[in-house]
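Subject: A structure for you to look through

Hi there,

Here is the structure I promised to pass on to you. Please open it next to this email and look up each residue as you read.

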Amino acid sequence: AVGWLRLTYHDPISLLRDYTINDKKIDCVGKNLYFGNLEVNLSHPTAWKPKHSGKQYTIGALWLFLKNKDNKDIRSYIKECSKSGVEIVSRPDYQEIISYFTGQSDTVESIDEELRMNTLIEKLKSDETKEEHKSSVREVLERPLCTKESILQTPNANFAYLIDYCKNFIKEKRKRETSSTKTVLEEVLALAQAHRDQPPHPIIIVPSNPIPGNLSLQNAKEFLEKGNYHEVTSVQPIQQPVYLSRNVRGKKVTFEIYDSILGFTKKHWRRVVGVFVQGPRYQFKDWPSGNDLVNLFLTFKGFYLKYQDVPMEDNVKRWNVKVMQIHRNKRHFDKTVQHEFWAELDKFLFSSDISLFRHIEWMSVFKQKGAPAQRKISLKYSIDCGRVVDDKVVVIRDFEKFLKEHIKVNGKKGNLGNELNVQSTPDAVNVHSELPFSKRYLKYLTKKYLRKAKISEYLRVISTNKHNYEIRYLNIFSEED
């Protein structure tokens, strides 16, 4: 079947490599490349996967990079990519692509052999030949799978742990029925009567930066809801909170997942039940009781998720957090870790002693000592986009719209009101705020916009003074970087 595929199909990577090494002419007309009489669209995918992204490169992206590999002017390369509608090749992939397509190396790790089958370019052939090929491909790809019945029929299988689990569940249920004190979950759900504008959803906080082996907003729902862990390779903007629902001891409960506490109020903090820690203390810089981590991890249930082969952070060893380890390659173990997480969190949610401690702690943290006199705030920031706007790499109106839609006021996006104003000039975006507003937050949003536009590797956000930033080119082709 493999030999038949070679006779009837072209592999786009092998085809481009052959033409590059032998210096054969590749014509580009409109959105198509021409390898002799063979026509291939620029957007045709290949089996080459970037190092920092799960999405495959198209043949147009690889061809255009190889065409400009000796060009020292990064601006012309970016303009040509934008004009052709292909993605920009990521900087960590430069050396490997040049080495492979110029014949310096014959094998690379970035080519996913499993994807080659789906990226082949079909030669012209009759309908009968196509049908024969489809049949042969099905025979190659078919694999036997295990079933639930075959697992239950495994010799020497022992399911005694299920009996112990049921016994403990019945014991805990009876204990809850005899207890009159509110549990943590009951305390959170009861907040709906006192604060009708806030839904009574328990909150779980995850790290804001994707860390291999830990959770972030991009992969938390998939892992906590389905028990499927995947490492985040590219940061895609996701609006928080992310919602997930599950049955907690016979009752359907909706959880909210946040990765930023910006805009959190007393009402939010009273609903926080779990937090995934990174290790450094600065994660808790602006948290209530952030200086007293002993009380903080009694108020919230702490979790530390990591790969088995990664050493534990020194700070985590001293904290009262649950350490959970996942395997780097064996994904069928993820379900066990997910069950371990919910077992620990359920124990925390149905603890009446912790509920009483939380009530006392919140009374101490949020105790009013008299409202201080507030002084008027007036902050002005500017982002100079002159260089990239002139080259049509950044559209100033799109950037302005992005900031208006993503700046958060009181935890809500697009809630600028009269206290915060975003306006653009032909070469800059200006922000005027009468509320507390961090300059670093503006830089974070600017970099987020550049990542969304897939040009962050070629541009930098530089602080020019106390109130201004400038977007500049990074000369990535220079050896001095």
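Which residues are linked with Asp 11 in a network of salt bridges? They are Glu 113 and Arg 116. Before you go hunting for more, please keep in mind that this is a predicted model.

**The whole chain**

Let's begin with the overall picture. The protein chain has 481 residues, and 42% of them count as buried. Its secondary structure comes to 20 helices and 18 strands. If you take the contacts between residues at least 6 apart in sequence, 61% of them join residues at least 24 apart. The accessible surface comes to about 28600 Å², and carbon and sulfur atoms account for 49% of that.

**Helix α5 and what surrounds it**

A good place to zoom in is helix α5, which covers residues 94–101. Six of its eight residues are buried, so the helix is largely enclosed by the rest of the structure. You can find the buried ones at Tyr 94, Glu 96, Ile 97, Ser 99, Tyr 100 and Phe 101. What covers them includes α2 (12–21), α3 and α6 (116–119). Just after α5, have a look at Gly 103, which takes a positive phi of about 85°.

**Salt bridges**

Side chains of opposite charge can pair when their charged atoms come close. In this model, the count comes to 21 salt bridges.

One of them joins Asp 106 and Arg 17, with the closest N and O atoms 3.0 Å apart. This pair links distant parts of the chain: Asp 106 is in the loop between α5 and α6, while Arg 17 is in helix α2, 89 residues apart. Are the two partners buried or exposed? Asp 106 has 60% relative accessibility and counts as exposed, whereas Arg 17 has a relative accessible area of 15% and is buried.

Another salt bridge is formed by Asp 18 and Lys 24, where the closest N and O atoms are 3.1 Å apart. Asp 18 is partly exposed at 31% relative accessibility, and Lys 24 is partly exposed with a relative accessible area of 40%. Lys 24 also has a ring partner: its charged end sits over the ring of Tyr 19, 5.1 Å from the centre of that ring.

Further along, the side chains of Lys 322 and Glu 340 meet in a salt bridge, at 3.1 Å from N to O. Lys 322 belongs to strand β11 (residues 321–326) and Glu 340 to helix α16 (residues 334–349), so the pair ties together parts that are 18 residues apart in sequence. Lys 322 is partly exposed, with a relative accessible area of 23%, and Glu 340 is partly exposed too, at 28%.

**Aromatic rings**

The count of aromatic pairs comes to 27. How are the rings of Phe 65 and Tyr 77 arranged? Their centres are 6.3 Å apart and their planes are at 70°; planes over 60 degrees apart count as edge-to-face, so this pair is edge-to-face. Phe 65 lies in helix α3 (residues 59–67) and Tyr 77 in helix α4 (residues 74–84), so the pair ties together parts that are 12 residues apart in sequence. Phe 65 counts as buried at 2% relative accessibility, and Tyr 77 counts as buried at 1%.

There is also an aromatic cluster to find, formed by Tyr 258, Phe 264, Trp 269, Phe 284, Trp 287, Phe 297, Phe 300 and Trp 319. Elsewhere, the charged end of Arg 246 sits over the ring of Trp 342, 4.0 Å from the ring centre.

**Some backbone details**

Finally, here are some spots to check along the backbone. The peptide bond from Gln 240 to Pro 241 is cis, with omega near 5°. Pro 241 lies in the loop between α12 (220–226) and β7 (242–248).

Lys 392 is not a glycine, yet its phi is positive, near 60°. You will find Lys 392 in the loop between α18 (386–390) and α19 (396–406), where it counts as exposed at 70% relative accessibility. Lys 454 also has a positive phi, about 60°, although it is not a glycine. Its place is the loop between α20 (439–452) and β17 (459–463).

Enjoy exploring, and write back with any questions!

Best wishes

Methods: Residues are numbered from 1 along each chain as its sequence is written. This is a predicted model: local features need pLDDT of at least 70, side-chain atom pairs count only at pLDDT 80 or more; totals for chains, interfaces and linings use all residues. Side-chain values use heavy atoms; hydrogens and water are left out. Rings of Phe, Tyr and Trp (its six-membered ring) pair if their centres lie within 6.5 Å; planes under 30 degrees apart count as stacked, over 60 as edge-to-face and the rest as tilted. Helices (H or I, at least four residues) and strands (E, at least two) are DSSP runs, numbered from the N terminus. Buried means under 20% relative accessible area, exposed over 50%, partly exposed in between (1.4 Å probe, protein chains only). A charge sits over a ring if NZ of Lys or CZ of Arg is within 6 Å of the ring centre and within 35 degrees of the ring normal. Contact means heavy atoms within 4.5 Å. Accessible areas come from the Shrake-Rupley method with a 1.4 Å probe; for residues, only the protein chains shown count as cover. A salt bridge is a side-chain nitrogen of Lys or Arg within 4 Å of a carboxyl oxygen of Asp or Glu.
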